[in-house]
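Work through the exercises below with the structure in view. Try each task before reading its solution.

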Amino acid sequence: QVQLVESGGGLVQAGGSLRLSCAASGRTFLVIAWFRQEPGKERDFVAGINWDGSTTRYGDTVTGRFITSRKNIKSADLQMNNLQPEDTAVYSCAAGPRLSRDSNDYAYWGQGTQVTVSA
């Protein structure tokens, strides 16, 4: 059974940092990506990384503040620095065969973890 599990969300003040982790079980994936979603809004691409960490992509609003990395073939982290209130959302990791900004390209999803940034 394929499963993705995120950890590391929480509450932080503006300017602070959080680190999210995503662990996959059941199989390996070429790409792990991060998306976020606010209530009533569409899911937005945050970051993605290929299997060996040689290729990364970031959403426009997080470039320069967030960094994604691969621990190994079955896990990835998202280091979030200089967090701002507008970063508040449910963050989910997703896994799939190619690095894409389109959430429809990912077949496997974690349950999501809440990140709340206070002003």
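Two strands pair if DSSP finds at least two bridges between them. The model used here is predicted.

**Exercise 1. Determine in which sense β7 and β8 pair, and over how many bridges.**

Step 1. Locate the strands: β7 covers residues 66–72, and β8 covers residues 75–80.

Step 2. Count the bridges. There are 6 between β7 and β8, and the pairing is antiparallel.

Step 3. Pick out one bridge as an example: asparagine 72 has serine 75 in β8 as its bridge partner.

**Exercise 2. Give the order of the strands in the open sheet that contains β7 and β8, and name its edge strands.**

Step 1. Follow the pairing across the sheet. The 4 strands come in the order β1-β3-β8-β7, with antiparallel pairing.

Step 2. Find the strands that pair on one side only. These are β1 (3–7) and β7 (66–72), the edge strands.

Step 3. Compare directions between neighbours. On average, neighbouring strands of this sheet are turned by 20 degrees against each other, direction ignored.

**Exercise 3. Decide whether phenylalanine 66 and serine 69 are buried or partly exposed.**

Step 1. Place both residues. Phenylalanine 66 is in strand β7, and serine 69 is in strand β7 too.

Step 2. Apply the cut-off: buried means under 20% relative accessible area, and partly exposed lies between that and 50%.

Step 3. Phenylalanine 66 has a relative accessible area of 2%, so it is buried. Serine 69 has 26% relative accessibility, so it counts as partly exposed.

Step 4. Look at the contacts, leaving aside neighbours within four places in sequence. Phenylalanine 66 touches several residues, among them Val46, Tyr58, Leu78 and Tyr91. Serine 69 is in contact with Arg19, Ile49, Ala76 and Asp77.

Step 5. Set sequence distance beside distance in space, C-alpha to C-alpha. Serine 69 and tryptophan 51 are 18 residues apart in sequence and 9.8 Å apart in space. For phenylalanine 66 and threonine 56, the values are 10 residues and 11 Å.

**Exercise 4. Find which residues make the nonpolar surface patch of about 300 Å².**

Step 1. The patch is made by Leu30, Trp51 and Ile73.

Step 2. Take one member, isoleucine 73, and place it: the residue sits in the loop between β7 and β8.

Step 3. Check its exposure. Isoleucine 73 has 34% relative accessibility and therefore counts as partly exposed.

**Exercise 5. Say what is unusual about the phi of asparagine 82.**

Step 1. Recall the general rule: most residues other than glycine have a negative phi.

Step 2. Read the angle. Phi of asparagine 82 is near 50 degrees, a positive value in a residue other than glycine.

Step 3. Describe the surroundings. Asparagine 82 lies in the loop between β8 and β9 (89–96). Its relative accessibility is 39%, so asparagine 82 counts as partly exposed.

**Exercise 6. Work out which side chains of β11 are buried, and which residues stand opposite valine 115.**

Step 1. Go along β11 (residues 113–118), where the side chains alternate. Thr113, Val115 and Val117 point to one face and are buried. Gln114, Thr116 and Ser118 point to the other face and are not buried.

Step 2. Examine the partners of β11. Strand β2 (residues 10–13) pairs with β11 in the parallel sense over 4 bridges. β9 is joined to β11 by 3 bridges, and these two run antiparallel.

Step 3. Find valine 115 in both pairings. Glycine 10 stands opposite valine 115, and alanine 89 also stands opposite valine 115.

Notes. Residues are numbered from 1 along each chain as its sequence is written. This is a predicted model: local features need pLDDT of at least 70, side-chain atom pairs count only at pLDDT 80 or more; totals for chains, interfaces and linings use all residues. Side-chain values use heavy atoms; hydrogens and water are left out. Axes are lines fitted to C-alpha atoms, for helices over the stretch in contact, and angles run from 0 to 180 degrees between N-to-C directions. Buried means under 20% relative accessible area, exposed over 50%, partly exposed in between (1.4 Å probe, protein chains only). Patches are made of residues with over 30% relative accessible area and no salt bridge: like charges are joined within 9 Å, nonpolar side chains (Val, Leu, Ile, Met, Phe, Trp, Tyr) within 5 Å. Accessible areas come from the Shrake-Rupley method with a 1.4 Å probe; for residues, only the protein chains shown count as cover. A salt bridge is a side-chain nitrogen of Lys or Arg within 4 Å of a carboxyl oxygen of Asp or Glu. Contact means heavy atoms within 4.5 Å.
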